[in-house]
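Load the model in your viewer with a cartoon representation and keep the selection tool ready. The stops below move from one pair of strands to the whole sheet and back to single side chains.

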Amino acid sequence: MPRRTALTLASALALGAGLAVLPTQAHAATVVVSNSTDLSNAIRNATPGTTIQVRGGTYYPTATLQSTANGTSSSRILLQPYGSETVKIDGSNLPDGGWIFKLTADYWTVSRITFQNSPDSAVVCQSCASTVWDNIKTINGGDSGFTLTGDSTTNNTVRNIDSYGHYDPANHGENADGIAIKYGSGSGNLVTGARLYNNSDDGLDFWSFSSPVTVEHTWAMGNGKNRWGDSAFAGDGNGYKLGGDGEVVAHVVNNSAAWDNAGNGFTENSNKGAIVINRTTAYANAKWGYYFATGAARLGKNLAVSNGSGSVNKGSSVVSAGNNWDSGISTPSFRSTDASSTYNARQSSGGLPVTTFLTTGSTTIGATMD
Ligand SMILES: [Ca+2]
Ligand SMILES: [Ca+2]
């Protein structure tokens, strides 16, 4: 990236009356950090155009890394590894209830960093706008892996995240989701290319979020199983929990899949909005493939196979067309029902690994699994 020309203080002063129109991105700096203190300070003190490059290794901060510093549309703040090095930020030394990273800011891009072993939530973006989360991992935390929350949560992109192994012991697994977009509002938020698996509660949860969110190219699997020997386990285990708390909102899920979850593959969760579910696949979930019993969902070209309670539970306001449970629609066979390749490393582009699992070759129905 070409370096921006910085306006020095002296030249700015020389402009005299022109001060009022000075660009705000006067300082574009690259900061290289190699210990937790410097990392914390760099995050807190970032200014528009700051690039924070984190040297390889595992970091153990003792307080939540946080910032309220905004970038701008033309001078984003970047947080990323140095070169191709591997960076893990581990929450093991945080106090009980601590989060690893809390951002309340706009125009950040966070790339290729693992956030693991958080006492509570791993990453929380509160009232963030125009942030990009690119190929991050959130692993084995004590509540949800990645959270967007608060009003004015707009135009954020979560791309190619892996979020797995989260479990909240205090609530017997009731709350820990792979991605939680909950308790807030704001348009233009996108989840794409996510793998959300083996979390105690849901793969993805939009509880009490009042604006539409779009999900695509995402897999949710193995959620809601008691993997922790919890005798009072309370995880729900929906692949995609698309609402709740009385919000009526038309979320959109395209070309995504849910399998082997303990609950439903896809559920309105009492959201009566016109949720759009298009070309998705629900396979071998313990409850319904698609549970839309009370709302007005638009279900099109979806494929449900071998779900415990059945393919679909749909109320009279649901519009259903081209799905394999609709009359005259046949069920294509899967090329593979062996999911092992879905856990492989991602492609060099950061995209989901190549798999034949749940692919059919159909150009009209079901997820394409890519
Ligand atoms: Ca729950
Ligand atoms: Ca949940």
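Select V276 and look across to β29: the bridge partner of V276 there is R298. This is a predicted model. Now extend the selection to residues 276-278, strand β26, and residues 298-300, strand β29; the two run parallel and are joined by three bridges.

Next, show every strand of the sheet. It is open and contains 12 strands, paired in parallel, in the order β1-β2-β5-β8-β11-β14-β17-β20-β23-β26-β29-β32. Colour β1 (30-33) and β32 (319-321), the edge strands, each of which pairs on one side only. Looking from one strand to the next, the twist averages 10 degrees.

Go to the β1 edge and add residues 36-44. This is helix α2, which lies across β1, β2 (51-54) and β5 (77-81). Its direction makes an angle of about 155 degrees with β1.

From β5, step to β8: three bridges pair these strands in the parallel sense. Select I77 to find W108 of β8 opposite. On the other pairing of β8, three bridges join it to β11 (residues 132-134), again running parallel. Here T109 stands opposite V132 of β11.

Finish with the side chains of β8, residues 108-111. Which of them are buried? W108 and V110 are buried and point to one face, whereas T109 and S111 point to the other face and are not buried. In a regular strand, side chains alternate between the two faces of the sheet.

Key
Residues numbered from 1 in each chain as written. Chains lettered and ligands numbered in written order. Predicted model: local features only at pLDDT ≥ 70, side-chain atom pairs only at ≥ 80, totals over all residues. Pairing = 2+ DSSP bridges. Helix = DSSP H or I, 4+ residues; strand = E, 2+ residues; numbered from the N terminus. Axes fitted to C-alpha atoms, helices over the stretch in contact; angles between N-to-C directions. Contact = placed C-beta atoms within 7 Å. Buried ≥ 20, exposed ≤ 12 C-beta atoms within 10 Å, placed from the backbone.
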